[in-house]
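Good morning, colleagues. Please take a moment to look at the sequence and the structure on the screen before I go through them.

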Amino acid sequence: MGTFIQLVVDGLATGSIYAALALAIVLVNQATGLINFAQGGLAVLSSYIAFAFLQLQFPLIVAILIAVVLSFFIGALVERFLLRRFERGDPDTAVVVTIGLLTLVTGIAAMIWSYNNRAFPSLFPLTSVEILGAVVSVRSLATTVTIVVIMVVLQLLFLRTKLGLALRAVADNPASAAFSGLPVGRLLMVGWGLAATLGAVAGILVAPQLTLTPGMLDTALVYALASVILGGLSSPVGCVVAASAIGVLENLVAVYVPLIGHDLKIAVPFALIFVILILRPQGLFGRKVVVRV
């Protein structure tokens, strides 16, 4: 029983990493209607910005705050000067642009800071506590709680605030939103800026666990996209639940299903995606979209 609880706890800690990135992807999608494949790269760049200020002897919390603020402007500028050039074209083109942006940002980070692993200090204590016989890192526990708080804030943003409703209106139908008097361009910039800010928080939270490298979040991005598909593009709650489920299931399958083991456990999220796309294409918590012809 102790082993089972430990596997679940470790899975939830891993799932919080996936959830952090998945929430940023949901935010971009809700604000612009796009799936941003560059989200992981932008999060890593923000982590390196915080690392650079740490190298200049800034206190950790100050370096993080500066990186978060700068990330907002980076995200807004990316939308204004790059993505906006493709917003009237095929949506698939804009998705390809985000993939290219991921490659560019990763290359820039590698050129400036190299591919060497760099230690990033943690905001939270490195001690552990025992819960129901399982050893839980305080850092992992605090990261999970932070992700849950962000999830609640995002849910409230999109459902209870004028800004959130305006962002959703722009994502659903930019032309109608413009006719209604909404500043579509500025709202798109705000959406990307907020997503970059959230990505910065995600990168800074997980960098102490993964060590800072340009490709730090490449694998996590795959799992984050799986979480978004499983949970639903329209649901912050859904993506967090899905990310946690993926983390736990991976651990349990690796130990209790010898046929799969640790080598094939990465197939678990893809098998779940296959099943969900057949049975419930909008995701477990997503909204079904009805198009009137």
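Of the contacts in the chain with a separation of 6 or more, 72% are made by residues 24 or more positions apart. I should say at once that this is a predicted model.

Two residue pairs illustrate such long separations. Gly-40 and Gly-199 are 159 residues apart along the chain, while their C-alpha atoms are separated by 7.2 Å. Ala-110 and Thr-213 lie 103 residues apart along the chain, with 8.0 Å between their C-alpha atoms. A third pair offers a contrast: Arg-84 and Gln-55 are 29 residues apart in sequence, yet 35 Å apart in space, C-alpha to C-alpha.

Let me turn to the overall architecture. How many helices and strands does the chain have? There are 11 helices and two strands. In sequence order, the pattern begins with four helices, continues with the two strands, and ends with seven further helices, that is, α-α-α-α-β-β-α-α-α-α-α-α-α.

As for dimensions, the C-alpha trace spans about 60 × 50 × 35 Å along its principal axes. A compact globule of 293 residues would have a radius of gyration near 19 Å, and the chain has 19 Å, so the two agree. Buried residues account for 48% of the 293 residues.

The surface comes next. The chain exposes about 14400 Å², and carbon and sulfur atoms supply 70% of that area. The chain carries 15 positive and 10 negative charges, and the mean positions of these two groups are 13 Å apart.

I now move to the interior. The largest nonpolar core contains 79 residues, of which Leu-23, Phe-120, Leu-154 and Leu-217 touch the most other members. Helix α1, residues 2–32, contributes the largest share of this core, with 13 residues. Which residues does Leu-23 contact, leaving aside its neighbours within four places in sequence? They are Ile-147, Ile-150, Met-151, Leu-154, Leu-198, Pro-236, Cys-239 and Val-240.

Let us return to the residues of the distance pairs, beginning with Gly-40. Gly-40 is located in helix α2. Its relative accessibility is 4%, under the 20% cut-off, and Gly-40 therefore counts as buried. Beyond residues up to four places away in sequence, Gly-40 touches Leu-21, Leu-217 and Leu-221. Leu-217 has already been named as one of the core residues that touch the most other members.

Ala-110 belongs to helix α4. With a relative accessibility of 11%, Ala-110 also counts as buried. When neighbours within four places in sequence are left aside, Ala-110 is in contact with Tyr-115 and Pro-214.

Arg-84 sits in the loop between α3 and α4. Is Arg-84 buried or partly exposed? At 22% relative accessibility, Arg-84 counts as partly exposed. Not counting residues up to four places away in sequence, Arg-84 touches Glu-79, Gly-185, Arg-186 and Met-189.

Helix α3, residues 60–81, deserves a word of its own through Ser-71, which has its place there. Why does Ser-71 count as buried? The reason is its relative accessibility of 1%, because buried means under 20%. The residues that Ser-71 touches, setting aside those up to four places away in sequence, are Ser-46, Gly-193, Ala-196, Thr-197 and Ala-200.

Finally, I would draw attention to the backbone at two positions. Gln-57 is not a glycine, although it has a positive phi of about 75°. Gln-57 is found in the loop that joins α2, residues 39–55, to α3. At 69% relative accessibility, Gln-57 counts as exposed.

Ser-114 likewise has a positive phi of about 75° without being a glycine. Ser-114 lies in the loop between α4, residues 91–113, and β1, residues 128–131. What is the relative accessible area of Ser-114? The value is 22%, and Ser-114 is thus partly exposed.

To close, I would ask you to retain two points. Of the contacts with a separation of 6 or more, 72% join residues 24 or more positions apart. Within the nonpolar core of 79 residues, the largest share comes from helix α1. Thank you for your attention.

Key. Residues are numbered from 1 along each chain as its sequence is written. This is a predicted model: local features need pLDDT of at least 70, side-chain atom pairs count only at pLDDT 80 or more; totals for chains, interfaces and linings use all residues. Side-chain values use heavy atoms; hydrogens and water are left out. The radius of gyration is taken over C-alpha atoms; the globule rule is 2.2 Å times the number of residues to the power 0.38. Buried means under 20% relative accessible area, exposed over 50%, partly exposed in between (1.4 Å probe, protein chains only). Contact means heavy atoms within 4.5 Å. Accessible areas come from the Shrake-Rupley method with a 1.4 Å probe; for residues, only the protein chains shown count as cover. Lys and Arg count as positive and Asp and Glu as negative; His and the chain ends are not counted. The place of a charge is taken as NZ of Lys, CZ of Arg, CG of Asp or CD of Glu. A nonpolar core is a set of buried Ala, Val, Leu, Ile, Met, Phe, Trp, Tyr and Cys residues joined through side-chain atoms within 4.5 Å.
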